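User: Could you take a close look at one part of this model for me, the place where the two chains meet? I would also like to see how that part sits within the rest of the structure.

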Amino acid sequence: MNNTTWPDDIFRALMDLDVIQVGYVPDAGHTKLIQTCIADNRVRAIPLTSEEEGIGLLAGAWLGGQRGALLMQGSGIGNIVNMLCMARACRLPLLMVATMRGQWGEMNPWQVPMGQTAEETLKLQDVTVYSVDRPEDVGEAVIAAGRIAFNGPAMAAVLISQRIIGSKDFK
Amino acid sequence: MTHPKQPVLDRRHVVENLLADRGELLVVAGLGASAWDITAAGDYALNFPLWGGMGSAATIGLGLALAQPERRVLVITGDGEMLMGLGSFATIAVQAPKNLAVVVLDNERYGETGMQETHTAFGTDLAGMAAAAGIAATATIRNEAELQDAVAVIRHAEGPIMHVIKVKADTLPKAVPPKDGAYLRDRFRMALLGDAAAV
């Protein structure tokens, strides 16, 4: 995770997309990006107690004329499934950027079920999904997903592979 | 926990008072009876009544209040809906939007699913939970005199505000708002942001 630029690439992409409200549930993979969002007053970093809150938050943001994004861990995708009805029924823009666990060399078996089903879960809910395996593709994928989200309006997610983030090792 | 005394306030009367002379007020209502209540008071473009997404009403209000800091945002929801989104008390407290008020019409029942008692019927104190989460302006309103004082606070005092209003567990005629979310969305955004905001 050291000496990587992809978190900065995501932040630049969010700026290019005119994102203002950034809701987040922390993940180790998003540490640097969350720090950047908190430090930069062009965005409002909003800590959430659950990813579900992010769906409401971003619905309200867009009703009020602001764009937003939701930063989350892949496991959070399981937490938002019913709440996606709002973005879907109202056709609201929803841009999600998830760092994945339970996907590649995971040491915690409790992370694996959601890690292995997150992409299909989102697709079943009509979310456009870009799964990214290479760090150099992350920023571009966020721009592409943002265009889907805000030009639709529609739901779009970027899933950042555990291969990019690296897996924890509990030794 | 002990049962509190029987509520006396009528929910439609409460909402009529909350929304009287509403002007530019932005209103979000939780699914079910709260959505029927705001619609009974008038189906306005600046209403956003929910048909699903239980637990999300307060956070929709938060996102809206942050995006529109010069406009007053009022979330009206039920105790069951609020119980499903308790974490939003903490999230709202951290953001502390001055223009946001959340009102829970607490009939101590899940009104749309058979009037089962909610946790508040057994003493769970939603205003206390909001206060403990860090929302300073909380209260539980139980009678007409308290309601009349509370309306001014809810409409005009510095937020974030979270008030519980204890209401009778009546099943009232439905006043049904439009159901098409895309229509509700465009109607709301056009009234708030202008015609160019239509998708």
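Analyst: Happy to help; here is a walk from the interface to the chain behind it, and then to some local details. Please keep in mind that this is a predicted model.

Let's begin with the contact itself. On one side, 30 residues of chain B take part, and they are in contact with 27 residues of chain A. Between them, the two chains bury about 2100 Å², and 65% of that area is on carbon and sulfur atoms. On the side of chain B, the residues that lose the most area to chain A are B:Gln95, B:Arg185 and B:Arg189, which together account for 23% of what that side buries.

Which helices of chain B each supply at least two residues of the side that touches chain A? They are helix 3 (57-67), helix 5 (87-95) and helix 8 (181-193). The touching side of chain B divides into 15 nonpolar, twelve polar and three charged residues. As for specific pairings, the rule finds zero salt bridges across the interface of chain B and chain A. It does find nine residue pairs in polar contact there, with both residues at pLDDT 80 or more.

Now for the chain behind that surface. Chain B has eight helices and eight strands. Its radius of gyration is 16 Å, close to the 16 Å that the globule rule gives for 199 residues, so chain B is as compact as a globular protein of that length. Along the principal axes, the C-alpha atoms of chain B fill a box of roughly 55 × 35 × 30 Å. Of the 199 residues in chain B, 55% count as buried. Among contacts in chain B between residues at least 6 apart in sequence, 75% join residues at least 24 apart.

Although the rule finds zero salt bridges across the interface of chain B and chain A, the structure holds 15 salt bridges over all chains. Some of these are in chain A. A:Glu106 forms one with A:Arg101, and their closest N and O atoms are 2.8 Å apart. Are these two partners buried or exposed? A:Glu106 is buried, with a relative accessible area of 15%, and A:Arg101 also counts as buried, at 11% relative accessibility.

A:Glu119 and A:Lys123 form another salt bridge, with the closest N and O atoms 2.8 Å apart. These two residues are four apart in helix 6 (residues 112-124) of chain A, so about one helical turn separates them. Here the setting is partly exposed: A:Glu119 has a relative accessible area of 30%, and A:Lys123 is at 45% relative accessibility.

A further salt bridge brings together the side chains of A:Arg134 and A:Glu136, at 3.6 Å from N to O. A:Arg134 is partly exposed, with a relative accessible area of 45%, while A:Glu136 is exposed, at 52%. Together with A:Asp137, A:Arg134 and A:Glu136 are linked in a network of salt bridges.

Helix 1 (residues 6-16) of chain A offers a polar contact to look at as well. A:Asp9 lies in this helix, and its side chain makes a polar contact with the side chain of A:Arg12 at 2.6 Å. A:Asp9 counts as buried, at 18% relative accessibility.

Finally, the backbone has a few places worth a look. Most residues other than glycine have a negative phi, and most peptide bonds are trans. In chain A, the peptide bond from A:Gly152 to A:Pro153 is cis, with omega near -10°; A:Pro153 is in the loop between helix 7 (138-151) and strand 6 (155-160). In chain B, a cis peptide bond joins B:Gly159 and B:Pro160, with omega about 0°. The place of B:Pro160 is in the loop between helix 7 (144-156) and strand 8 (161-166) of chain B.

Positive phi values turn up at A:Asp18, near 65°, and at B:Glu108, near 60°. A:Asp18 lies in the loop between helix 1 and strand 1 (19-24) of chain A and is exposed, with a relative accessible area of 52%. B:Glu108, by contrast, is buried at 7%, in the loop between strand 4 (100-106) and strand 5 (109-110) of chain B.

Conventions
Residues numbered from 1 in each chain as written. Chains lettered and ligands numbered in written order. Predicted model: local features only at pLDDT ≥ 70, side-chain atom pairs only at ≥ 80, totals over all residues. Heavy atoms only, no water. Contact = heavy atoms within 4.5 Å. Buried area = accessible area lost by both parts, 1.4 Å probe. Salt bridge = Lys/Arg side-chain N within 4 Å of Asp/Glu carboxyl O. Polar contact = N/O pair within 3.5 Å; in protein donor to acceptor, adjacent residues only side chain to side chain. Nonpolar A, V, L, I, M, F, W, Y, C, P; charged D, E, K, R; others polar. Rg over C-alpha atoms; globule rule 2.2 N^0.38 Å. Buried < 20%, exposed > 50% of the residue type's maximum accessible area, 1.4 Å probe, protein only.
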